[in-house]
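This report describes selected secondary-structure elements and how they pack. The sequence and the structure are shown below.

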Amino acid sequence: MATATAPSPQLPEADSTQLLIVEAAGGNARRLWLEHRLSEMTSPGAHTWMVSCDFNLGGPWAGAKELFETLFPAIREKRPDLVEKHSLELVYVLPQLRRSITLRHPTLTDLAPRDERSRNYAADRAFRIVHGLIDLLDSWKRSNDAQAPWIIGCDSYCQAGVIGARFFSELMRRRGEELNIRLLIGVEPGRAGAVRASFASSVFSKVVAVHVPQEPMTVLAPDLAAHLATELEERVGDDLIERQIALPELIRLWTQAGRPDKLAPCKFFGLDVYNTLGLCSDALRYGEGLAAMAAEHAGEEKRLRWRIILKLLNCYSAMEDAQAGLRLAEGEAAAFVENERPLRRGQLCYLTAMFYARYSKPRNLVKGEEYLDRGLALIEQDKDLPEPDRHFHSVFNRNGVAMIRSFQGRHQEAIEFCRTGIARLNAHLGTERHRLHRSVLVYNIAQVYVATGSYDEAIQHYSAAMEMDPNYSEYYNERGNIFMRLGRLKEARADYLQAIELSPPYFEVFTNLGQCCRGMGAMDEAITAYTRALDLEPHQLLALLGRAKAHEETGHMEEAIADYTAALIRDPAQWEAMASRGIAHYETGNLAAALADFDRSIELKPEEADLYQNRAIVLGDMGRHREAARDLEAALRFNLQVDDRENVQTPLQEEVKEGLLSIQHSM
């Protein structure tokens, strides 16, 4: 690691460096050093940014938010089509845009009233937003000189949120080199190694250490901080968008004011908003120590404490962290609700049941059902609960039992729980109440029918769920999977394309589209879909293997070999991939490589007759007829059918005949 004083002309040139990580003490001196170095790296036609990635200053999207704030006016002016296409991603990173742009494909999860939002987005939803934002930058930059250098200075990178850091690492992996994007990152001393490891190994990086004066953090006097926070709160008022924008500053000011009673509601707002948006890891940063803070400083405001507990449990559910969820649910949460109204205790029973029955490994279905039954009894005991709400909470609870019945293989009972729940909601609630949960119940029935192989009924219920929630991408992806199982490939392809249209990109649907197109014989389209899937998630085996097969079908043997090799690096025990690579090597005339692959395939799967047959062909071509004959005998020995015997004997008959005769004469 090099060491330098600021500024230094001796630092590595940036021409070949995509990622330059600078270790230095945080503060204004480091910021000024980074700005100076950024100007040194600038070349004619380059665009530069200097942003702070500090979560405490900018929230989960710190760094990315500043980048898009500067780019958005030009994008809106010159490429309004991109604003429309990526409306969801843009309002995630720039919430103020909710006032001026309309979500293109809102789902019932987006539209449901807060007190009816019975389904949050999964944690991986946020990663789709990241990829959608990268696609937006990709399209914008390609239409405005793709090779113009972009250099982004990212200070305080060690303090970045999970989603903010993910954006920059994925941007560099996917498009850094292709679009001539470079990052200049400022980190704390000793942190460069960890930051470097968070980027793909293909991103060329260098690290330097810089000595700059370490400055004490500027802290406002408590009275002044409280005064500024009060003024900011008055300006924000009840505007939730403005509150989200001002949240980092409010937290900073109330912290410096020493007012935990004011700080707790602010941090809860962050926990609530970002949990709802699916940014669960970042939401938990707002939740750190929050329950204890509220317990000590919120006075009689028990409702706030309960809402904090619920949101923390929701975060752990979305992250499928059963251990953390049960620790909170059976510890602090259970103690808190001990003397509370029955509804709260019943809600806690439901959440505890989910940690046992859904997220624990292995699942504890017995314990889960015990908690659900206890929860239902508590709901029925709550005399202050309005009847419509009692019906909803009871149906919601029994949906948990339906899940357990499905896990137990008692599928008809699971379906009946869901059907009974729908009928109860329809009978006792107006048609507009809890539309989201009604759609979820229909969807759950569809999933049970898939598990039983009742595909016609599954399709019927997926279609019904789509009528209720027509913009939910996952429904189309999953129904497409059923169509593909049934060989209805055109219908599957249409569903996959609609799923892609409705959502920021996710790799699963592109992989499924690739499989479907390959089944249809549309190999070029399949390769395009697999390539898109691998751009989003390069480590998935199915897309690598599918693309390798499609390359084989189109005669692109070198490309097929490359994909099989990448798949085998990830999982060396895949005997089928090894054998397929052997065939591709054989087709390119590389007999030695083909033989090595078949040798290894047979080591992995010694009872597979086709492997001996293929190796016999290679050995015959190499003139090693005695070994070829032994492999033919082995292939026949592994119980081939009559038709397969003919297939074994025919390809080698002419090539090996002479060799076999000579072997016999010498014996």
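In this predicted model, helix H12 is largely enclosed by the rest of the structure, because 13 of its 17 residues are buried. The helix covers residues 260–276 and reaches 24 Å from its first C-alpha to its last, close to the 24 Å expected at 1.5 Å a residue. Just after H12, Gly278 takes a positive phi of about 90°.

Strand S5, residues 181–187, is mostly covered as well: seven of its seven residues are buried. Ile181, Leu183, Ile185 and Val187 point one way from S5, while Arg182, Leu184 and Gly186 point the other way. In a regular strand the side chains alternate between the two faces of the sheet. Both sets of residues in S5 are buried, Arg182 and Gly186 included.

S5 pairs with strands S2 and S4, as the table sets out.

| Strand paired with S5 | Residues | Sense | Bridges | Opposing residues |
|---|---|---|---|---|
| S2 | residues 19–23 | parallel | five bridges | Ile21 and Ile185 |
| S4 | residues 150–155 | parallel | five bridges | Ile152 and Leu183 |

Two residues of S5 that point one way, Leu183 and Ile185, thus appear in these pairings: Leu183 stands opposite Ile152, and Ile185 is the bridge partner of Ile21.

How are S4 and S5 connected through helix H8, in a right-handed or a left-handed β-α-β unit? S4, H8 (residues 162–176) and S5 make a right-handed unit.

How values were computed:
Residues are numbered from 1 along each chain as its sequence is written. This is a predicted model: local features need pLDDT of at least 70, side-chain atom pairs count only at pLDDT 80 or more; totals for chains, interfaces and linings use all residues. Side-chain values use heavy atoms; hydrogens and water are left out. Helices (H or I, at least four residues) and strands (E, at least two) are DSSP runs, numbered from the N terminus. The expected span of a helix is 1.5 Å times one less than its number of residues. Buried means under 20% relative accessible area, exposed over 50%, partly exposed in between (1.4 Å probe, protein chains only). Two strands pair if DSSP finds at least two bridges between them. A crossover is right-handed if, with the strands pointing away from the viewer, the path from the first strand over the helix to the second runs clockwise.
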